[in-house]
Amino acid sequence: MIPHGAWIPQADRNGFRHKLGVDEVTPLAGIFGFLKPYKRIPESLRAFRRLTRLVPEAKMILVGEPHPDLPLDPMIASMGLSANVRVLGFTPEPDFVGYLAACDFVLNLRYPTVGESSGTLLRALGLGKATLVSEVGSFRELPDDVCIKVPVGPGEEDTIFEYLNLLASRPDIARELGARAREYVERECGWASVAQRYA
């Protein structure tokens, strides 16, 4: 095991929401990092489309460099999501962190996996974001009370939708999950504490 440490970044949540044209209460989901096919983006978009039928004002941002094998703009348009989903593309690190902070919940799904850890995931948890991860590889090792684990395979889209609907309709649950996530990162993932445990 090679532990992955994390810094707790600082960011202006409401400032970046204003930059996106999103008010303080509109549910905002995000997918971050290199937007590769294995990040379950089509499944996430289909689940989010179902959410918009119940919560029409909900928004999603995709932040990171698009992948040529995953044409996002046509996919989003074909699902009728152009008014709800924006692809921001590659952003400098301060903006990347700011957009993470702006979100109410984050999807950090991936399959297949080679067992890698995700720096973006630890940033999201450190920022206190309610986060969905795929129940595979190293993500299974995360405590069950700091993130939501989504099984891959049949029913995956249904599960993503149900959790998105829960988090959008019960922001108190999203905040509680995010608070536990931040506490976990502060306690277990700071670079100093990682260095001490594995020195």
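**Exercise 1. Which strands does α5 lie across, and at what angle does α5 run to β5?**

Solution. This is a predicted model, in which local features need pLDDT of at least 70, side-chain atom pairs count only at pLDDT 80 or more, and totals for chains, interfaces and linings use all residues. Residues are numbered from 1 along each chain as its sequence is written, and side-chain values use heavy atoms, with hydrogens and water left out.

Step 1. Helices (H or I, at least four residues) and strands (E, at least two) are DSSP runs, numbered from the N terminus. Contact means heavy atoms within 4.5 Å. Axes are lines fitted to C-alpha atoms, for helices over the stretch in contact, and angles run from 0 to 180 degrees between N-to-C directions.

Step 2. α5 lies across β1, β4 and β5. To β5, α5 runs at about 155°.

**Exercise 2. Describe the packing of α5 against α7.**

Solution. Step 1. Two packed helices are described by the angle between their axes and the distance between the axes.

Step 2. For α5 (residues 119-126) and α7 (residues 171-189), the axes come within 7 Å and cross at roughly 115°.

Step 3. On the α5 side, Leu122, Leu125 and Gly126 make the contact; on the α7 side, Gly178, Ala181, Arg182, Val185 and Cys189 do so.

Step 4. Sort these residues by class: Ala, Val, Leu, Ile, Met, Phe, Trp, Tyr, Cys and Pro count as nonpolar, Asp, Glu, Lys and Arg as charged, and the others, Gly among them, as polar. The contact of α5 with α7 then has 5 nonpolar, 2 polar and 1 charged residues.

**Exercise 3. Give the strand order of the open sheet and its pairing.**

Solution. Step 1. Two strands pair if DSSP finds at least two bridges between them.

Step 2. The open sheet has 6 strands in the order β3-β2-β1-β4-β5-β6, with parallel pairing. Its edge strands, β3 and β6 (148-150), each pair on one side only. Neighbouring strands are turned by 20° against each other on average, direction ignored.

Step 3. Go through some of the pairs:
- β2 and β3 are parallel over 4 bridges, and Leu62 stands opposite Val87 in β3.
- β1 and β2 run parallel and are joined by 5 bridges; Ala29 has Met60 in β2 as its bridge partner.
- β4 and β5 run parallel with 4 bridges; Val106 has Thr131 in β5 as its bridge partner.

**Exercise 4. How many residues of β1 and of β5 are buried?**

Solution. Step 1. Buried means under 20% relative accessible area, exposed over 50%, partly exposed in between (1.4 Å probe, protein chains only).

Step 2. In β1, 5 of the 5 residues are buried, so β1 is largely enclosed by the rest of the structure. Leu28, Gly30 and Phe32 lie on one side and Ala29 and Ile31 on the other.

Step 3. β5 (residues 130-134) also has 5 of its 5 residues buried, so it too is largely enclosed. Ala130, Leu132 and Ser134 point one way from β5, whereas Thr131 and Val133 point the other way.

**Exercise 5. What covers the buried residues of α4, and which aromatic pairs involve α4?**

Solution. Step 1. In α4 (residues 93-102), 7 of the 10 residues are buried: Phe96, Val97, Gly98, Tyr99, Leu100, Ala101 and Ala102.

Step 2. The cover includes α1 (13-20), β1 (28-32), β2 (59-63), β3 (85-89), β4 (105-108) and α5.

Step 3. Rings of Phe, Tyr and Trp (its six-membered ring) pair if their centres lie within 6.5 Å; planes under 30 degrees apart count as stacked, over 60 as edge-to-face and the rest as tilted. By this rule there are 2 aromatic pairs.

Step 4. Phe16 and Tyr99 are edge-to-face, at 5.2 Å centre to centre with 80° between the planes. Phe16 is in α1 and Tyr99 in α4, 83 residues apart, and both are buried.

Step 5. Phe32 and Phe96 are also edge-to-face, at 5.5 Å centre to centre and 80° between the planes. Phe32 is in β1 and Phe96 in α4, 64 residues apart. Phe32 counts as buried because its relative accessibility is 3%; Phe96 is buried at 11%.

**Exercise 6. Which residues have the most contacts inside the largest nonpolar core?**

Solution. Step 1. A nonpolar core is a set of buried Ala, Val, Leu, Ile, Met, Phe, Trp, Tyr and Cys residues joined through side-chain atoms within 4.5 Å.

Step 2. The largest core has 33 residues, and Leu45, Met60 and Leu107 have the most contacts inside it. Apart from this core lies another of 17 residues, including Ile61, Val63 and Cys103.
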